[in-house]
Amino acid sequence: MTSYKATCNLLMDISSIDIAIAQNYYDLLKKIKNNEDSLIINENMHKALSDFPKFAGKWYFDVDDVKYEAYNYRDGELANANKRKDSANYAAYREEVPDALPKFKFRKEMIDEFKEVLMPEIGPLID
C-alpha cells in the first residue's frame, strides 16, 4: 500500500499537469485522513499515475498528449502516431541531450517505448 506522504507527493506531480484532477484527489485524501472515506492505492496505480509526466518529459512533449494516446491506444496502435511524432519538441531534445539521437531514431524509439514499456505497465490500469 502506498503511504499517505507518497500519495501527497504524487499530487504535487499531478497538479503540474491538471490542477482540477489534483484538487479532486486532494479532497478525497482529506476525507480518507478524516476517516470519512477509505481508499487503497496500490503501488502499480501509483506508478502508473507518475509514468505520464516521466514519459512526456523524456520525449519532450505534452503530458496531455501522452494521456490522450494512452486512453485511445487500441490493438497495439496509437490513435495519432504521426501527430505525436510531430508534436515532440525535437529541437529542445537535441539542445539538451549531449548524444541526441537522429530525428528518425528519436521518433521511432519514442513510439517503441510507448508501445513496449509504457502501455504494458499502465494499460491494465486504465482499461
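**Exercise 1. Does Glu77 count as buried, partly exposed or exposed, and at what relative accessibility?**

Solution.
- Start with the kind of model: this one is predicted.
- Locate the residue. Glu77 sits in the loop between H4 and helix H5 (81-87).
- Recall the cut-offs. Buried means under 20% relative accessible area, exposed means over 50%, and partly exposed lies in between.
- Apply them. Glu77 has 46% relative accessibility, so Glu77 counts as partly exposed.

**Exercise 2. Find which residues Glu77 contacts, leaving aside its neighbours within four places in sequence.**

Solution.
- The contacts of Glu77 are Asn72 and Lys115.
- Now take the pair Glu77 and Lys115. Along the chain they are 38 residues apart.
- In space, 7.7 Å separates their C-alpha atoms.

**Exercise 3. Classify Glu69 and describe its surroundings.**

Solution.
- Glu69 belongs to helix H4.
- Its relative accessibility is 1%, and therefore Glu69 counts as buried.
- Look for a polar partner. The Glu69 side chain reaches the backbone nitrogen of Asn80 at 3.1 Å.
- List the contacts, not counting residues up to four places away in sequence. Glu69 touches Leu78, Ala79, Asn80, Ala81, Arg84 and Phe114.
- Compare the two glutamates. Glu69 is buried, whereas Glu77 is partly exposed.

**Exercise 4. Which members of the largest nonpolar core touch the most other members, and which helices each supply at least two of its residues?**

Solution.
- The core has 22 residues.
- Phe55, Phe61, Val66, Met110 and Phe114 touch the most other members.
- Next, the helices. At least two core residues come from each of helix H3 (43-59), helix H4 (63-71), helix H6 (90-96) and helix H7 (103-126).
- H7 gives the largest share, with seven residues.
- Zoom in on Val66. Not counting residues up to four places away in sequence, Val66 touches Phe52, Phe55, Ala56, Phe61, Phe114 and Leu118.
- Link this to Exercise 3. Phe114 is among the residues touched by Val66, and Phe114 is also touched by Glu69.

**Exercise 5. Describe the whole protein: its helices and strands, its buried share, its contacts and its surface.**

Solution.
- Count the elements. The protein has seven helices and zero strands.
- Write the pattern along the sequence: α-α-α-α-α-α-α.
- Take the buried share. Of 127 residues, 33% count as buried.
- Turn to contacts with a separation of 6 or more. Residues 24 or more positions apart account for 57% of them.
- Finish with the surface. The accessible surface is about 8200 Å². Carbon and sulfur atoms hold 51% of this surface.

Key: Residues numbered from 1 in each chain as written. Predicted model: local features only at pLDDT ≥ 70, side-chain atom pairs only at ≥ 80, totals over all residues. Heavy atoms only, no water. Core = buried A, V, L, I, M, F, W, Y, C linked by side-chain atoms within 4.5 Å. Buried < 20%, exposed > 50% of the residue type's maximum accessible area, 1.4 Å probe, protein only. Helix = DSSP H or I, 4+ residues; strand = E, 2+ residues; numbered from the N terminus. Contact = heavy atoms within 4.5 Å. Polar contact = N/O pair within 3.5 Å; in protein donor to acceptor, adjacent residues only side chain to side chain. Areas by Shrake-Rupley, 256 points an atom, 1.4 Å probe, with all protein chains shown as cover.
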